[in-house]
Amino acid sequence: MGEKHAVKNAAFRLYGRQKTRALNDRQCELMEQLLPNLDISLSDLSKKTGPVLEIGFGFGEHLAHMAEKNPGTFYVGFEPFTNGVASLLQHIDDKELRNINLHQGDVRHFFPEMPDQLFSAIYLLYPDPWPKKRHFKRRFIQKETLATIHRLLAPKGIFYIASDHDTYQTWIEEHIEAIEAAKTFEWTNKTTKDAAWDGWIRTRYEEKAFREGRTPRYYVLTKK
Ligand SMILES: C[S@@+](CC[C@H](N)C(=O)[O-])C[C@H]1O[C@@H](n2cnc3c(N)ncnc32)[C@H](O)[C@@H]1O
């Protein structure tokens with residue numbers, strides 16, 4: 001995916017960490033040599049059956065785990081954070097995964113180019129909570145992004161969300177109630193305290209949430 005797209009969609013400003021630590025030699029090599037071969041091509045992706053998207057994969061442990069468990073499914077992930085991208089590349093290299101593509105960057109830049117009904121499932125695990133009221137507009141979950149997620153999912157496609165932050169949980173639930181009322185999605189798990197989906201493993205961010213005493217909630221929405 002090329003630079004021109006980022007320029008074209010410069011209206012989205014990305015907040016948050018981009019890089020926290022220097023990469024080691026192996027990570028530098030993977031960034032230079034493996035990443036260009038695994039960059040997402042929308043035309044190739046459109047030929048796959050029911051690919052799965054993870055938005056903001058962090059250090060990539062969940063995406064790598066799913067790809068390893070389901071070799072017949074194709075996975076794609078977006079993440080702007082350099083250390084996270086390098087970490088996922090290490091998982092891909094160590095496990096010799098052949099069914100993942102990834103892109104370093106803000107997924108929203110690419111939404112306009114993604115065809116309708118592309119994905120069978122989309123994961124959004126622990127989006128940045130932006131707890132201050134004046135930053136709520138930075139939150140990933142917004143009416144507009146939910147409309148895009150709906151457009152990108154195949155019929156009966158599933159949107160999975162996890163969040164550990166109480167005011168973001170309330171925000172998510174208010175948005176879900178609005179989309180349920182609009183009959184675009186069905187909220188298929190009302191017991192939000194259990195990760196009610198197969199293949200769940202704790203992400204690094206979730207481990208931190210438990211250590212710090214926060215209680216995650218998990219949301220499963222099925223496209224109507
Ligand atoms: C709180 S972290 C959670 C990471 C991971 N999902 C986990 O559970 O460990 C949120 C991640 O979303 C990424 N992110 C934020 N906005 C994004 C966007 N617009 N597109 C792609 N990734 C994004 C951030 O860089 C960050 O790594």
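In the predicted model, Phe-185 lies opposite Lys-223 of strand β7. This pair belongs to the antiparallel pairing of strand β6 (residues 185-187) with β7, which extends over three bridges. Strand β7 (residues 217-223) also pairs with strand β5 (residues 153-163), again in the antiparallel sense, and here six bridges are found. Within the pairing of β5 and β7, Ala-162 is placed opposite Tyr-218 of β7.

The loop that runs between β6 and α8 (204-211) contains Trp-197. Trp-197 is classed as partly exposed because 15 C-beta neighbours fall inside 10 Å, whereas a buried residue would need 20 or more. When neighbours within four places in sequence are left aside, the contacts of Trp-197 are with Tyr-160 and Val-220. Trp-197 and Val-220 are 23 residues apart along the chain, and their C-alpha atoms are separated by 8.2 Å.

Helix α6 (residues 143-152) has Leu-146, Ile-149 and His-150 as buried residues. These three residues are on the same side of α6, because the arc they cover around the axis is only 100°. An α-helix has 3.6 residues a turn, so residues three or four places apart point the same way. The elements covering the buried residues of α6 include β4 (119-125), β5, α7 (166-181), β6 and β7.

A further set of strand pairings involves β1, β2 and β3. Strand β1 (residues 52-55) pairs with β2 in the parallel sense over four bridges, and Leu-53 has Val-76 of β2 as its bridge partner. The connection from β1 to β2 passes through helix α4 (residues 61-69), and this β-α-β crossover is right-handed. Strand β2 is likewise joined by four bridges to strand β3 (residues 100-103), and the two run parallel. In this pairing, Phe-78 stands opposite His-103 of β3. From β2 the chain reaches β3 through helix α5 (residues 82-95), in a β-α-β crossover that is also right-handed.

The side chains of strand β2 (residues 75-78) fall into two sets: Tyr-75 and Gly-77 point one way, while Val-76 and Phe-78 point the other way. In a regular strand the side chains alternate between the two faces of the sheet. Residues of both sets in β2 are buried. Val-76, the bridge partner of Leu-53, and Phe-78, which is opposite His-103, thus point the same way from β2 and are both buried.

Definitions and conventions:
Residues are numbered from 1 along each chain as its sequence is written. This is a predicted model: local features need pLDDT of at least 70, side-chain atom pairs count only at pLDDT 80 or more; totals for chains, interfaces and linings use all residues. Two strands pair if DSSP finds at least two bridges between them. A residue is buried if 20 or more other C-beta atoms lie within 10 Å of its own, exposed if 12 or fewer, and partly exposed in between; C-beta atoms are placed from the backbone. Two residues are in contact if their C-beta atoms, placed from the backbone, lie within 7 Å. A crossover is right-handed if, with the strands pointing away from the viewer, the path from the first strand over the helix to the second runs clockwise. The arc is that of the directions from the helix axis to the C-beta atoms.
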